[in-house]
Amino acid sequence: MERKNFDYDELTDSLFISRKDSNEKVQGSAEIGNLVIDFTSTGRIVNVEFLNISKFLEMMKIDTKILEQLTDVKLIIQKQRGAVSIFAILKTLKLEQPIPLA
């Protein structure tokens with residue numbers, strides 16, 4: 001059985017997304033606005049927690065009900081010219097919704 005790589009907590013309105021391999025250890029974290037980013041000793045981003053995700057989705061004009069219907073979430077990290085872009089693809093049975101996180 002494959003382990004789920006995300007968790008939406010309705011009570012705290014946070015979406016936790018992981019792309020950490022089982023042999024990787026989190027070395028540190030950084031909080032940037034509503035994002036908490038975990039990274040390894042090599043600087044690889046392995047987890048992202050998005051706080052107040054519903055408010056963010058509302059600002060993006062995305063129906064927040066998607067959070068209750070998630071079947072999978074894919075985290076995409078792109079590094080280019082010293083900058084990092086973080087995207088998530090929220091998947092339900094009927095929809096794939098990309099959202100920029102940072």
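This report walks through a predicted model, from its paired strands to its core, its loops and its largest pocket.

## Strands side by side

Let's start with strand β3, which covers residues 28–32, and its partner β4. The two run antiparallel, and 5 bridges join them. You can pick out some of the facing pairs yourself: Ala30 sits opposite Ile37 of β4, and Ser29 sits opposite Asp38 of β4. Together β3 and β4 make a hairpin with 2 residues between them. Look at the turn and you'll find Gly33, whose phi is positive at about 60°.

Now follow the chain onward. Strand β4 also pairs with β5 (residues 45–51), again in the antiparallel sense and over 5 bridges. Here Val36 has Glu49 in β5 as its bridge partner. The hairpin of β4 and β5 has 5 residues between the strands, and Gly43 there has a positive phi near 90°.

So how much of β4 is buried? Of its 5 residues (35–39), 4 are buried, so the strand is largely enclosed by the rest of the structure. One general point is handy when you look at any strand: if it is regular, its side chains alternate between the two faces of the sheet.

## Inside the core

The largest nonpolar core is made of 24 residues. Which of them have the most contacts inside it? They are Ile53, Leu57, Leu90, Ile99 and Leu101. Plenty of elements chip in: β1 (6–9), β2 (14–18), β4, β5, α1 (53–59), β6 (72–80) and β7 (83–91) each supply at least two residues of this core.

Take Leu101 as a worked example. Not counting residues up to four places away in sequence, Leu101 touches Ile17, Leu35, Val48, Phe50, Leu75, Ile86, Phe87 and Ala88.

Ile17 is on that list, and it's worth a visit too. You'll find Ile17 in strand β2. Is Ile17 buried or exposed? Its relative accessible area is 1%, and anything under 20% counts as buried, so Ile17 is buried. With residues up to four places away in sequence left out, Ile17 touches Asn5, Phe6, Val46, Asn47, Val48, Val73, Leu75, Ala88 and Leu101. Try one distance as well: Ile17 and Pro98 are 81 residues apart along the chain, and their C-alpha atoms are separated by 14 Å.

## Out in the loops

Next, some residues that sit between the strands and helices. Gln27 is in the loop between β2 and β3. Its relative accessibility is 57%, so Gln27 counts as exposed. Setting aside residues up to four places away in sequence, Gln27 touches Phe39, Thr40 and Ser41. The C-alpha atoms of Gln27 and Ile53 are separated by 25 Å, with their positions 26 residues apart along the chain counted as the spacing.

Two other loop residues have a positive phi without being glycine. One is Asn52, with a phi near 55°, in the loop between β5 and α1. Asn52 is partly exposed, because its relative accessible area is 31%. The other is Arg81, with a phi of about 50°, in the loop between β6 and β7. Arg81 reaches 82% relative accessibility, so it counts as exposed.

## The largest pocket

Finally, the pocket. In general terms, rolling a probe the size of a water molecule over the atoms shows where empty space is left. Here, the largest pocket has a volume of about 160 Å³. Which residues line the largest pocket? They are Ile62, Asp63, Lys65, Ile66, Gln69, Thr92, Leu93, Lys94, Leu95 and Gln97. Sorted by class, the lining has 4 nonpolar, 3 polar and 3 charged residues.

One of these lining residues is Thr92, which lies in the loop between β7 and β8 (96–100). Although Thr92 is in a loop, it counts as buried, because its relative accessibility is 12%. Leaving aside neighbours within four places in sequence, Thr92 is in contact with Ile66, Gln69, Leu70 and Thr71. Among those contacts, Ile66 and Gln69 also line the largest pocket.

Technical notes:
Residues are numbered from 1 along each chain as its sequence is written. This is a predicted model: local features need pLDDT of at least 70, side-chain atom pairs count only at pLDDT 80 or more; totals for chains, interfaces and linings use all residues. Side-chain values use heavy atoms; hydrogens and water are left out. On a 1 Å grid over the protein atoms alone, a cavity is a set of points where a 1.4 Å probe fits but cannot get out, and a pocket is an open set with protein on both sides within 12 Å along at least five of seven lines; lining residues have an atom within 4 Å of a point. Grid points are joined across faces, edges and corners, and a volume is the space filled by probe spheres set on the points. Ala, Val, Leu, Ile, Met, Phe, Trp, Tyr, Cys and Pro count as nonpolar, Asp, Glu, Lys and Arg as charged, and the others, Gly among them, as polar. Buried means under 20% relative accessible area, exposed over 50%, partly exposed in between (1.4 Å probe, protein chains only). Two strands pair if DSSP finds at least two bridges between them. A nonpolar core is a set of buried Ala, Val, Leu, Ile, Met, Phe, Trp, Tyr and Cys residues joined through side-chain atoms within 4.5 Å. Contact means heavy atoms within 4.5 Å.
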